[in-house]
Amino acid sequence: MSELLVDFITSLDGYASGEGWPGFWGLEGPEYLAWLGEQPEVTHLMGANTYRQMSGFAAGQVPNGQDEFRAEEEASIDELTQASKVVFSASLEDPLTWANSTLVRDDAVEAVRAMKKNGTGILSTIGSLSLSRSLLNAGLVDRFRVVMFPVITGATGAERIYDGYPDVALEMLEHRTFDGRIQLVEYKPRVLEHPPLGAPA
């Protein structure tokens, strides 16, 4: 059976990106990059919007506000190009042009449920805020990991991650600080029907 990881990188105030900011908010350091390089192979899950954005980067489209990719960004995009990717969309057309990408038109929740049941290894979302929210609501997420970068992007932040989420209890599995400034927290999530009525057990 496969394990499902929802994986986000965020500003401290919970944004997935910021207008005019480079990838990783320009704050990735050697410890964090080394940790990224040590991560096990996964199958990435994404929706159409994330696919369009990331495949555009892979094709050389530089984000607004940048003249070119930094070396760290190019390496991250190259690694993602080589990885296995499953894209859930009713609007994209086959064949997908980004290497190692498979288009799935079926309901994403049911498709991922089947992938978990019949597969092995790790499934991991990348971006795809609505897909991640749907998978969490369905009780399919085994691990919820957030890497927070030390910026507040109140004026320029885009893609608020937690809008529309249910209440969720989080059991700590791991925490770590990279390069003295970047904070990783990883939890086992449990969707709540209502806030707890008493003290935590």
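**View 1. G127 sits in the loop between strand 6 and helix 5 (129-137).** This is a predicted model, and our tour of it begins with a glycine. Is G127 buried, partly exposed or exposed? Its relative accessible area is 28%, so G127 counts as partly exposed. Leaving aside neighbours within four places in sequence, G127 is in contact with D7, F8, T50 and S132. For a sense of distance, try finding W35, which is 92 residues away from G127 along the chain. The C-alpha atoms of G127 and W35 are separated by 19 Å.

**View 2. S128 is also placed in the loop between strand 6 and helix 5.** S128 has a relative accessibility of 8%, so this serine counts as buried, the cut-off being under 20%. Which residues does S128 touch, not counting those up to four places away in sequence? They are L45, M46, G47 and T50. Take a look at the backbone here too: phi of S128 is near 50°, a positive value in a residue other than glycine.

**View 3. F24 lies in the loop between strand 2 (15-18) and helix 1 (30-37).** Here is another backbone angle to look for: phi of F24 is near 60°, which is positive although the residue is not glycine. With a relative accessibility of 11%, F24 counts as buried.

**View 4. A cis peptide bond joins D94 and P95.** Omega of this bond is about -5°. Where should you look for P95? Follow the chain into the loop between strand 4 and strand 5.

**View 5. Eight strands form an open sheet with mixed pairing.** Their order across the sheet is 5-4-3-6-1-7-10-9. Strand 5 (101-104) and strand 9 (168-178) are the edge strands, and each of them pairs on one side only. On average, neighbouring strands of this sheet are turned by 25° against each other, direction ignored. Helix 4 (residues 108-118) packs on the sheet, where it touches strand 1 (3-11), strand 3, strand 4 (84-88), strand 5 and strand 6. The direction of helix 4 makes about 150° with that of strand 4.

**View 6. Strand 3 (residues 42-47) and strand 6 (residues 122-125) run parallel.** How many bridges join these two strands? There are four. To find one pairing for yourself, start at V42, whose bridge partner in strand 6 is I122.

**View 7. Helix 3 (residues 71-82) has twelve residues.** From its first C-alpha to its last, helix 3 reaches 17 Å, close to the 16 Å expected at 1.5 Å a residue. E73, I77, L80 and T81 are buried in this helix. Seen down the axis of helix 3, its buried residues fall within an arc of 105°, so they line one face of the helix. What covers these buried residues includes strand 3, helix 2 (48-58) and strand 4. On the face turned away from the buried side, you will find the exposed residues A71, E79 and Q82.

**View 8. The whole protein chain has five helices and ten strands.** Stepping back, the C-alpha trace spans about 55 × 40 × 30 Å along its principal axes. The radius of gyration of the chain is 17 Å, which agrees with the value near 17 Å for a compact globule of 201 residues. Of those 201 residues, 43% count as buried. Among contacts between residues at least 6 apart in sequence, 71% join residues at least 24 apart.

Notes
Residues are numbered from 1 along each chain as its sequence is written. This is a predicted model: local features need pLDDT of at least 70, side-chain atom pairs count only at pLDDT 80 or more; totals for chains, interfaces and linings use all residues. Side-chain values use heavy atoms; hydrogens and water are left out. Two strands pair if DSSP finds at least two bridges between them. Axes are lines fitted to C-alpha atoms, for helices over the stretch in contact, and angles run from 0 to 180 degrees between N-to-C directions. Contact means heavy atoms within 4.5 Å. The expected span of a helix is 1.5 Å times one less than its number of residues. Buried means under 20% relative accessible area, exposed over 50%, partly exposed in between (1.4 Å probe, protein chains only). The arc is that of the directions from the helix axis to the C-beta atoms. The radius of gyration is taken over C-alpha atoms; the globule rule is 2.2 Å times the number of residues to the power 0.38.
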